[in-house]
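Let us walk through the charged side chains of this model together, one question at a time.

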Amino acid sequence: MAASPGPAGGGGAGAAHGSGQSGFAFDSGLEIKTRSVEQTLLPLVSQITTLINHKDNTKKSDKTLQAIQRVGQAVNLAVGRFVKVGEAIANENWDLKEEINIACIEAKQAGETIAALTDVSSLNHPESDGQITIFTDKTGVIKAARSLLSSVTRVLLLADRVVVKHIIRSRNKVLATMERLEKVNSFQEFVQIFSQFGNEMVEFAHLTGDRQNDLKDEKKKAKMAAARSVLEKCTMMLLTASKTCLRHPNCESAHKNKEGVFDRMKVALDKVIEIVTECKPNGENDISSISIFTGIKEFKTNIETLRENLYFQSKETLSVMLEALLERTEDFTDCAYTSHEHRERILELSAQARTELQQLISVWIQAQSRKTKSITEELELTILKISHSLNELKKELHSTAAQLGADLLKCHADHVLLKALKLTGIEGNLEGLAEYACKLSEQKERLVETCRLLRHVSGTEPLEITCLHAEETFQVTGQQIISAAETLTLHPSSKIAKENLDVFCEAWECQISDMSILLREINDVFEGKRGEKYGYLSLPKPVKNSANLRSLKADKPDSEEQAKIAKLGLKLGLLTSDANCEIEKWEDQENEMVLYGRNMSSMAYSLYLFTRGEGPLKTYQDLIHQLEVFAEEGLKLASSVQAFSKQLKDDDKLMLLLEINKFVPLCHQLQTIIKTPLQNQVFLKVDKCITKARSMMAVLVQLLSLCYKLLKKL
C-alpha cells in the first residue's frame, strides 16, 4: 500500500518533523469525525427500519407524518456529513480514492432517496394524490436503506485501512529513529535525534490511543494498553540509559542496561502492530488457555450440558479437560511460597474432583441406557457435587494467591532494598551491591511467581492481561535495576548513572503500587463487587491524551475557578435528583437501562461534588477521566434503550428512537470535547464538558421517564 501524502504537503517518513505532527492531528481528527458521524447515522438507520415496518393501515396523523419526515431529513443530513468526511479521507489517500468516492456517491444517492420518500408532510392534503412516498413505495425505501448500509460499511472499512496504514507508518518511523539512537556516539547528535524520536513517539501514542478507544474486544484493548504503557515508561528509561552509555562508553553494565530498554520497546511496538493488523505470530499461546478459573468455567459449562443432552460429548473429553485443569494447580502446589495448609487443601480438593468425575461418568452411562426419574435425579446430584467441589477449589486457589500477594506487598512496601542499592552505588561498595542484587533477584522471582498465581484467579480477561503485564515488568525491570546499580557502583560520582538508577527504581515502585490495586480488583471480581462495565484502575493507564492531561492542572481548582464551576454544578445536582426519582419508579431495579442510568446519575453526582470542591474527584485529571467514563456509559445506555425499542409498536418505537437520537450525539460531542487539544484553555474545556454533561442528564431524565411509561404500557 502506497504511503499517503500528509496534509501539509509532506509525505511518508519524510514528514518526521513539523509536518509529521500536523499530519497526525489531521489523521486523528478524521478518525474522530468518521466515528462520530457513523455512530450518529446508525440509530437513524434503525429508525428507517421502523418506517419500513410502519403499518399501512395506521392512521396518518399530522404528528406521525411530521416524525417520519424528520427522520428522513435527519438521515439525509447525517449522510451528507459522512460523505464529506469520506471525501476528505479519499483526497489524502490516493491509493483508495476511487473506491471511497464511489461508495460516497452511492451513500449520498441513498440518503437523497430516503429524504424524498419520507417527504410525507403534505399527505393529508388533496393535492398530494399520486405522490410517491414511503406509504406507496416501501420497496424503494428498503432498497435505499440497503444501499446506504452497504456504502457506509465500505467507506468505514476503507477508512479503517487508512488508520491501520498510518499506525504502521508511524511505527516504522519510530523504529528507524531508534536504530539511529542505538548507534549514536556523541551527546550533540543524541540530543538532536532524541528530539525527533520524542515527536514521533507522541504521534504514535495518539494514533494508537484512538485505536485503543475504538477496540470492542476488552482483551485486545487491555493488550494495547499494556504495550503502550511499556512504550511510555521506556521512553524515559531510554533517555537516561543512553546518556549513561555515552558518558561511560566502556562500561559493560551500562550497555546491557540500554540494550534491555531497546529490546523491550521493539517487542512492544511489534505487539501494537499485531493487535491493529490482527496478525498473531505462529505458536503464540492464548493466555486464557492457561487460566485455572477459565478452565473451571469451561468444564462446568460442559458438564451442565448433560442435563439437556446426554450424547453432546464423550467421557474422554471431560476427563482430559479436568486433568488439564488440575495439572495447572501444580503452579500453586509447587510454589515454594505456598503455605503447607493451602497446599494440602488444594491437593485434597483436586483428588475429590477426580473421584466425583468418575462417579458422574458412571451415572452418566447408566442414564444413557435407562431414562428413569431416579437416574435423572442422581445425575443432577453428581453434577451439583462436582460443581461444588470445583467452587471450593476456586475459593482455595483465590485465597492462596491473594494471601501471597498481600503478604508480599506488606513486606516490601517501604522499598528498603532499592534504597540500599542506591546507597551501595553511591558508596562504590561492590560487595554490598552483590548482596543486595541477590536479594532483589529473590524478591523479583517471588513477585513474578505471585503474578503468575494471580493470573490464574483473576476472573476476567483484562485482569489476566494486567497480571501478565506485571509479571513481565517485574522480570525485566528487576534485571535492569541491577545493571543500573552496577554502573553506579563502578562510577559512584556519576550524576547521570545515579539518575538512571532512580528512573528504573521509580518504575519498580510504580509497578508495586499498581499490583496493590490489581490485587484489590481481583478480590472485588471474586466477591462479585465488580463487573465488566467499569475500567480497571490496575490496567496500564491510557496515554491517548497524555499531552492533553499533562497540561491539565494537577492540583485543585483555585478559588476563582471553584466559584465559576460551582455555578455550573447547581443544575447538574438538581438533574441528578430528578434522574434518581425516575429510577426509583422502576419495579425491576436490575433492568439494564436502570443500571446504566444509575451509573450515570452516580457519576454526575461526583461531577456535581467536584464543582463544590468536595467528593472523590480532586483534580482536573480526575474530572476528565470521569467524564470519559460518563460518555461511554451514556452510549451503553443508548444501546440498551435501542434494544428495548424493538419490543414496541411502530408509533411508540419511533417516539423513543427520536429521543435516543437527541442523546447519542451529546455523548459523542462530549467525547470530542475531551479529545480536543487544550492549548492552555483548561477552564474553558472543563466548562464545556460540564455543560455538555448537564445536557446529557436532562435528556437522560426524559429518556428514563419515557422508557418507564412504555414499559408499563407493554
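Charged residues and their partners

Guide: Lys258 is buried (under 20% relative accessible area, 1.4 Å probe, protein chains only) and yet has no salt bridge, a salt bridge being a side-chain nitrogen of Lys or Arg within 4 Å of a carboxyl oxygen of Asp or Glu. The nearest side chain of opposite charge, Glu182, is 6.3 Å away. This is a predicted model in which local features need pLDDT of at least 70 and side-chain atom pairs count only at pLDDT 80 or more, while totals for chains, interfaces and linings use all residues. Residues are numbered from 1 along each chain as its sequence is written, and side-chain values use heavy atoms, with hydrogens and water left out.

Visitor: In which helix is the place of Lys258?

Guide: Helices here are DSSP runs of H or I with at least four residues, numbered from the N terminus. The run that covers residues 252-277 holds Lys258, and this is helix α7.

Visitor: Which residue forms a salt bridge with Arg154?

Guide: Arg154 lies in helix α4 (residues 138-183), and its partner is in helix α3 (residues 97-117), 48 residues apart. The closest N and O atoms of the pair are 2.9 Å apart, and the partner is Glu106.

Visitor: Does Arg211 count as buried or exposed, and why?

Guide: The side chain of Arg211 meets that of Asp160 in a salt bridge (2.5 Å, N to O). Arg211 lies in helix α5 (residues 187-214) and Asp160 in helix α4, so the pair ties together parts that are 51 residues apart in sequence. Because its relative accessibility is 11%, Arg211 counts as buried.

Definitions and conventions. Helices (H or I, at least four residues) and strands (E, at least two) are DSSP runs, numbered from the N terminus. Buried means under 20% relative accessible area, exposed over 50%, partly exposed in between (1.4 Å probe, protein chains only). Lys and Arg count as positive and Asp and Glu as negative; His and the chain ends are not counted.
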